[in-house]
Amino acid sequence: MVDYARVSMELEKLRPPKLIGKRPARRKKRERHAQTKVAFFRYGYYDIAFKYFTERVLDAEFVPLPPATRRTLELGSQHSNDFVCAPFKHILGDYLEALELGADVLVQFTGPCRLGYYGEVQESILRDLGYDFRMLNFAVVGGKPATEYVKLCRRTVNPNVSLKQGVVEMMTTFRLIECLDAYHDAYLERAGFALDADEPKRLQSAFYRAMRAATSRAEVEAAYAAGLEALERMPQRTVADPVRVGVVGEYFTAVDAHSNLNVEEKLLSMGVKVARMLNITNRNLRYNEKNLRASAAPYVRYDMGPTSTLTVAAAKKYAEEGFDGIIHLKSSGCTPEIDCMPVLQRVSRDYGIPVLYLSFDSQTSDTGLDTRLEAFYDMISMRKAAPRAARPVACPRTKEGGDR
């Protein structure tokens, strides 16, 4: 008869010891949160503001993205619908590279156009690809008070965010954006006339480093003042009547240098004074649709959508100030900016100012862009040098639509 009790005891001796140690203590909320890595998409020089927001409002680790490459756009295009606009592909490519760098929170904004829907669609695409992350999508609180934005940050990223401090630091982030935009305006005005062609970029890089290192409102203001002073002291050649070009267009493409293949730098290298009213400050922080529409009368009577009123108002302003040309930048298939084109043609006809229309998609090349920009520059330069009597006579329309 088998002694099952003895056999059981013998088998128990042969089993390996149970690996039951002391359960590790749960990390505190702040310690768990310290592992959070937050990434934004690339958008011009605004990564400086994104970094400040991440570190000062979210109290998280910012994931800086290296300069975009052709691979970035190819990644985004590979996982996007063929008919979606180019900014969607750029942003999706940025997110894919951010996740490769270890980001576990992705940030998307609310937007004046389809950008407001991108967050949910891109999150769905990335999850279908198997990525595990959290999406901080500000579209769900668009138009609400700043406190609602902070509450969303607490729910999604860091429950330890102080509501009071978060609002204060968010206001500083907005001020930082205003400083970045104001500096860029001054840069566009001066960089094309530097005696040393490399000096503007050196000064700009130093300014961006100082702004990126700022950790308070006072440091932001100090860095801005020092950067602007250095730019104003930069030795420049004197040009009595320089060629002036105003840039207008779609919210993403007209602002992001990678998306528009560095149109502004190409113009500056030709010795052009460039102006671009479109930026986050003018379109978001200080935007007043009603007043802007009044300034664009009689070309705009109703809110045309995302950046349309600003596009037309800026074009009219440049024409009235005697600019030599206007360049309209948009992504291929951008419906709101397509609607602007007939209006810009009226502005061009009424004020006698040439307009160059440039549309960008994932296949746009530098070669074709360079050719068109050079031809446009040659045309407006020769036109500027021609006797004033030979130029087209500006004939702005009255508010009722007739000619003056």
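Here are legends for a few views of this predicted model.

**View 1. The whole protein chain, a mix of helices and strands.** Tracing the protein chain end to end, you pass through 16 helices and eight strands. It runs to 404 residues, and 47% of them count as buried. Take the contacts with a separation of 6 or more: 71% of those join residues 24 or more positions apart. On the outside there's about 20700 Å² of accessible surface, with carbon and sulfur atoms supplying 53% of that.

**View 2. Helix α14, mostly covered.** This helix takes in residues 308–320, 13 in total. From first C-alpha to last it reaches 18 Å, close to the 18 Å expected at 1.5 Å a residue. Of those 13 residues, 11 are buried; the list opens with S308, T309, L310, T311 and V312, carries on through A313, A314, A315 and K316, and ends with Y318 and A319.

**View 3. What packs around α14.** The buried residues of α14 have strands β5 (244–249), β6 (273–276) and β7 (325–331) to pack against. Helices α12 (280–285), α13 (289–295) and α15 (335–351) join in too. Following α14 comes G322, with a positive phi near 80 degrees.

**View 4. A nonpolar patch on the surface.** Three residues, M171, F174 and L285, make up this patch of about 210 Å². M171 belongs to helix α8, which covers residues 163–190. With a relative accessible area of 36%, M171 is partly exposed, and it clears the patch cut-off because that asks for over 30%.

How values were computed: Residues numbered from 1 in each chain as written. Predicted model: local features only at pLDDT ≥ 70, side-chain atom pairs only at ≥ 80, totals over all residues. Heavy atoms only, no water. Patch = residues over 30% accessible without salt bridge, like charges linked within 9 Å, V, L, I, M, F, W, Y side chains within 5 Å. Areas by Shrake-Rupley, 256 points an atom, 1.4 Å probe, with all protein chains shown as cover. Salt bridge = Lys/Arg side-chain N within 4 Å of Asp/Glu carboxyl O. Helix = DSSP H or I, 4+ residues; strand = E, 2+ residues; numbered from the N terminus. Buried < 20%, exposed > 50% of the residue type's maximum accessible area, 1.4 Å probe, protein only. Expected span 1.5 Å × (residues − 1). Contact = heavy atoms within 4.5 Å.
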